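Welcome! Take a moment to turn the model around before reading on, and then let us walk through it together.

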Amino acid sequence: MFTVHRIGDLDLPELAPYRTLKRPAEHEAQGIFVAEGDKVVHRLLASSLQLVSVLLPEHRLAEYEPGLQNRPEQLPVYAVTEKRVLEELVGFEMFQGVMAVAKIPLPGSLEELLAKCKSPRLFAAADGLTSAENIGVLVRNCVAFGVQALLVGETSASPFLRRAVRNSMGTIFQLPVVETENLVGALNELRAQGLRCIAA
């Protein structure tokens, strides 16, 4: 179910995530991320992740209605009559003008990962990758090559940063992620379980 709210007040508290796109640490602390662009938002609507809200130009509502109707949660959809109003809200020019906020999935553990993934297992790990765009590209490549999960170390950016989600083209919604504060320890644990680790 979804409910359309036509925006008349840009200061609505519910719109705060869209006003703070350049403050990703706040989003991470709240356990949310922002998806932007047609393909990414369509993939988010089709995923099992929990959505918080959707923001789009009113004339595009019919295009998104099938995906919105299939969502299990009570989903507020904020519609703007003109794209310039949306750009005033987010603070920069947008090409497609479609965004959504969703909950970052609860972090998985290595134990759950090993129990869920069948042999032969293929995982990828990111160490020292601080560019959100590069993390997004890595996620996209992982999905393309059939990687079963991504381990993200303490020195890397989160794959749920807005730019990472955008560059992953929404493939992050189908790739299990384990964010660890000790990547070396996690890799040693995998080796103890019989997995061969290859560094590149």
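Which helix and which strand each supply at least two residues of the lining of the second largest pocket? They are α6 (110–116) and β8 (177–179). Helices (H or I, at least four residues) and strands (E, at least two) are DSSP runs, numbered from the N terminus.

A word on the model itself: it is predicted, with local features needing pLDDT of at least 70 and side-chain atom pairs counting only at pLDDT 80 or more, while totals for chains, interfaces and linings use all residues. Residues are numbered from 1 along each chain as its sequence is written, and side-chain values use heavy atoms, with hydrogens and water left out.

Let us stay with the pockets. On a 1 Å grid over the protein atoms alone, a pocket is an open set of points where a 1.4 Å probe fits, with protein on both sides within 12 Å along at least five of seven lines; lining residues have an atom within 4 Å of a point. The second largest pocket holds about 600 Å³ of space, a volume being the space filled by probe spheres set on the points. Among its 29 lining residues, Pro 105, Leu 106, Pro 107, Gly 108 and Val 177 lie nearest the centre.

The largest pocket offers about 780 Å³. Its lining counts 23 residues, with Phe 123, Ala 125, Cys 197, Ile 198 and Ala 199 nearest the centre. Helix α9 gives the largest share of this lining, six residues, and both β6 (123–126) and α9 (183–192) supply at least two.

Now look for Phe 33 and Phe 160. The structure holds two aromatic pairs (rings of Phe, Tyr and Trp, the last by its six-membered ring, with centres within 6.5 Å; planes under 30 degrees apart are stacked, over 60 edge-to-face, the rest tilted). Phe 33 and Phe 160 form a tilted one, 5.4 Å centre to centre with 45 degrees between the planes. This pair links distant parts of the chain, 127 residues apart: Phe 33 sits in β2 (residues 32–36), and Phe 160 in the loop between β7 (149–152) and α8 (162–167). Together with Phe 173, they form one aromatic cluster.

Both Phe 33 and Phe 160 are buried (under 20% relative accessible area, 1.4 Å probe, protein chains only). In a regular strand the side chains alternate between the two faces of the sheet. From β2, Ile 32, Val 34 and Glu 36 point one way and Phe 33 and Ala 35 the other, and all are buried. Finally, five bridges join β2 to the antiparallel strand β5 (residues 99–103), where Lys 103 stands opposite Ile 32.

Technical notes. Buried means under 20% relative accessible area, exposed over 50%, partly exposed in between (1.4 Å probe, protein chains only). Two strands pair if DSSP finds at least two bridges between them.
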